[in-house]
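Biologist: I am new to this structure and would like a close look at one part of it, the ring-bearing side chains and the strands that carry them. Please go slowly and tell me how that part connects to its surroundings.

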Amino acid sequence: MAVWFDVCEVGKLRPINFRLIDFDDIQVMVFNIDGKYYAIEDQCTHDGGTLSDGELEGCEIICPRHAARFDVRNGKVTAPPAYEDVRCFPTRIEDGMIQVCDDR
């Protein structure tokens with residue numbers, strides 16, 4: 001069953017920033033890219049390290065361990081050593097709140 005989680009009020013997540021939230025057993029990064037909201041799992045598919053310690057460059061998050069890159073808008077790998085995409089989660093605005101859906 002899909003469950004929507006509040007992240008924060010719309011104005012509180014500035015462009016080119018992210019918030020980290022917890023879905024019981026996983027961490028999810030929620031990004032504001034040009035006023036649109038995206039959510040990906042905070043785990044590199046190359047070796048399981050966290051992506052939240054990496055740098056955001058445009059729409060790409062760079063893994064701090066081995067420099068794999070992922071597009072935060074769709075989770076796609078954009079540079080190895082990762083070859084598997086990261087999991088994305090649906091986002092929406094509801095009553096002025098950014099929300100992310102745990103649809104696993």
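**The rings and their strands**

Modeller: Phe18 is a good place to begin, since at 30% relative accessibility this residue counts as partly exposed. Please keep in mind throughout that what you see is a predicted model. The structure holds 3 aromatic pairs. One of them joins Phe5 and Phe23, whose rings are stacked, with 4.7 Å from centre to centre and 25° between the planes. Because Phe5 lies in strand β1 (residues 3-9) and Phe23 in strand β2, this pair ties together parts that are 18 residues apart in sequence. The two partners can also be set side by side by their accessibility: Phe5 is partly exposed, with a relative accessible area of 24%, whereas Phe23 is buried, at 0%. The residue we began with, Phe18, pairs with Phe31, and here the ring centres are 5.5 Å apart with the planes at 45°, so the pair is tilted. This pair, too, links distant parts of the chain, with Phe18 in strand β2 and Phe31 in strand β3, 13 residues apart. Phe31 is buried, with a relative accessible area of 0%. Returning to Phe5 and Phe23, ring pairs link these two residues with Phe89 into a cluster.

The strands give these rings a frame. Strand β3, residues 26-33, pairs with strand β4, residues 36-41, in the antiparallel sense over 6 bridges, and the bridge partner of Phe31 in β4 is Tyr38. Both strands belong to an open sheet of 4 strands, in the order β2-β3-β4-β9, with antiparallel pairing. Strands β2 (17-23) and β9 (88-89) stand at the edges of that sheet and have a single partner strand each, which means that one side of each is left without a neighbour in the sheet.

Another ring has a charged companion, for the charged end of Arg92 sits over the ring of Trp4, 4.0 Å from its centre. Arg92 in turn leads to a further pair of strands, because its bridge partner is Gln99 in β11. Strands β10 (residues 91-94) and β11 (residues 97-102) pair in the antiparallel sense over 4 bridges, and they form a hairpin with 2 residues between them, where Asp95 in the turn has a positive phi of about 50°.

From this hairpin one can move on to the charged side chains. Side chains of opposite charge can pair when their charged atoms come close. The count of salt bridges comes to 9, and among them is the contact between Asp102 and Arg104, at 2.8 Å from N to O. Asp102 counts as buried at 10% relative accessibility, while Arg104, at 42%, counts as partly exposed. These two residues are linked with Asp25 in a network of salt bridges. Asp71 and Arg73 also meet in a salt bridge, at 2.7 Å, with Asp71 buried at 9% relative accessibility and Arg73 partly exposed at 42%. In the salt bridge between Asp85 and Lys76, at 3.4 Å from N to O, Asp85 is partly exposed with a relative accessible area of 31%, and Lys76 is partly exposed with 42%.

Terms used. Residues are numbered from 1 along each chain as its sequence is written. This is a predicted model: local features need pLDDT of at least 70, side-chain atom pairs count only at pLDDT 80 or more; totals for chains, interfaces and linings use all residues. Side-chain values use heavy atoms; hydrogens and water are left out. A salt bridge is a side-chain nitrogen of Lys or Arg within 4 Å of a carboxyl oxygen of Asp or Glu. Buried means under 20% relative accessible area, exposed over 50%, partly exposed in between (1.4 Å probe, protein chains only). Rings of Phe, Tyr and Trp (its six-membered ring) pair if their centres lie within 6.5 Å; planes under 30 degrees apart count as stacked, over 60 as edge-to-face and the rest as tilted. A charge sits over a ring if NZ of Lys or CZ of Arg is within 6 Å of the ring centre and within 35 degrees of the ring normal.
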